[in-house]
Amino acid sequence: MKDLFAALGLMLAIEGLCLAAFPGAWRRAMRAVLHAPETPMRLAGLAVGALGVLLVFFVRA
């Protein structure tokens with residue numbers, strides 16, 4: 001459980017730094033996400049999630 005909270009904290013720190021460093025790009029990205037069709041977003045989410053699980057598996061093994 002401690003690893004999960006550490007990972008969530010790291011994710012929030014990285015997102016916060018990106019938002020602080022590139023607010024215009026962040027705003028454009030959010031606009032693009034709002035207008036994107038759901039199916040490709042769902043597939044991208046599944047792919048990134050699977051990649052994350054594989055990465056954790058290989059790091060922990």
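Partly exposed, on this tour, means a relative accessible area between 20% and 50%; under 20% is buried and over 50% is exposed. Keep those cut-offs handy, and keep in mind that this is a predicted model.

**Stop 1: the whole chain**

Start with a cartoon view of everything. You'll see three helices and zero strands, running α-α-α from the N terminus on. The C-alpha trace spans about 40 × 30 × 15 Å along its principal axes. How does the radius of gyration sit against that of a compact globule of 61 residues? The globule would come in near 10 Å, but this chain has 14 Å.

Now switch on a surface. It comes to about 5,600 Å², and 77% of that belongs to carbon and sulfur atoms. If you colour by burial, don't look for a core: 0% of the 61 residues count as buried.

**Stop 2: helix α1 and its nonpolar patch**

Select residues 2-21, which is helix α1. Then pick M1, L4, F5, L8, M11 and L12 and show their side chains on the surface. Together they form a nonpolar patch with about 660 Å² of accessible area. One of them, L8, sits in α1 and is partly exposed, with a relative accessible area of 38%.

Stay on α1 and select D3. At 46% relative accessible area, D3 falls under the 50% cut-off for exposed, so it counts as partly exposed. Leave D3 displayed, as it has a partner at the next stop.

**Stop 3: the salt bridges**

Side chains of opposite charge can pair when their charged atoms come close. A search of the whole structure finds two salt bridges.

For one of them, add R60 to your D3 selection and draw a distance. The closest N and O atoms are 3.1 Å apart. Which parts of the chain does this pair tie together? R60 lies in helix α3 and D3 in helix α1, so the bridge links parts that are 57 residues apart in sequence. R60 is exposed, at 61% relative accessible area.

Next, select E38 and R42, where the closest N and O atoms of the salt bridge are 3.4 Å apart. Both residues lie in α3, four residues apart, which is about one turn of the helix. An α-helix has 3.6 residues a turn, so residues three or four places apart point the same way. Check the surface here too: both E38 and R42 are exposed.

**Stop 4: along helix α3**

Select residues 38-60 to get all of α3. The helix has 23 residues and reaches 33 Å from its first C-alpha to its last, close to the 33 Å expected at 1.5 Å a residue. Buried or in the open? The number of buried residues among the 23 is zero, so α3 lies largely in the open.

Towards the aromatics now: select F57 and F58. The count for the structure comes to one aromatic pair. The ring centres of F57 and F58 are 5.4 Å apart and the planes sit at 70°, so the pair is edge-to-face. Both F57 and F58 are exposed.

**Stop 5: helix α2**

Finish with residues 23-35, helix α2, and click on R31 within it. R31 is partly exposed, with a relative accessible area of 47%. For a last distance, draw a line from the C-alpha of R31 to the C-alpha of M41: they are 10 residues apart along the chain and separated by 14 Å.

Terms used
Residues numbered from 1 in each chain as written. Predicted model: local features only at pLDDT ≥ 70, side-chain atom pairs only at ≥ 80, totals over all residues. Heavy atoms only, no water. Helix = DSSP H or I, 4+ residues; strand = E, 2+ residues; numbered from the N terminus. Buried < 20%, exposed > 50% of the residue type's maximum accessible area, 1.4 Å probe, protein only. Patch = residues over 30% accessible without salt bridge, like charges linked within 9 Å, V, L, I, M, F, W, Y side chains within 5 Å. Areas by Shrake-Rupley, 256 points an atom, 1.4 Å probe, with all protein chains shown as cover. Salt bridge = Lys/Arg side-chain N within 4 Å of Asp/Glu carboxyl O. Expected span 1.5 Å × (residues − 1). Rg over C-alpha atoms; globule rule 2.2 N^0.38 Å. Phe/Tyr/Trp six-rings, centres within 6.5 Å; stacked < 30°, edge-to-face > 60°.
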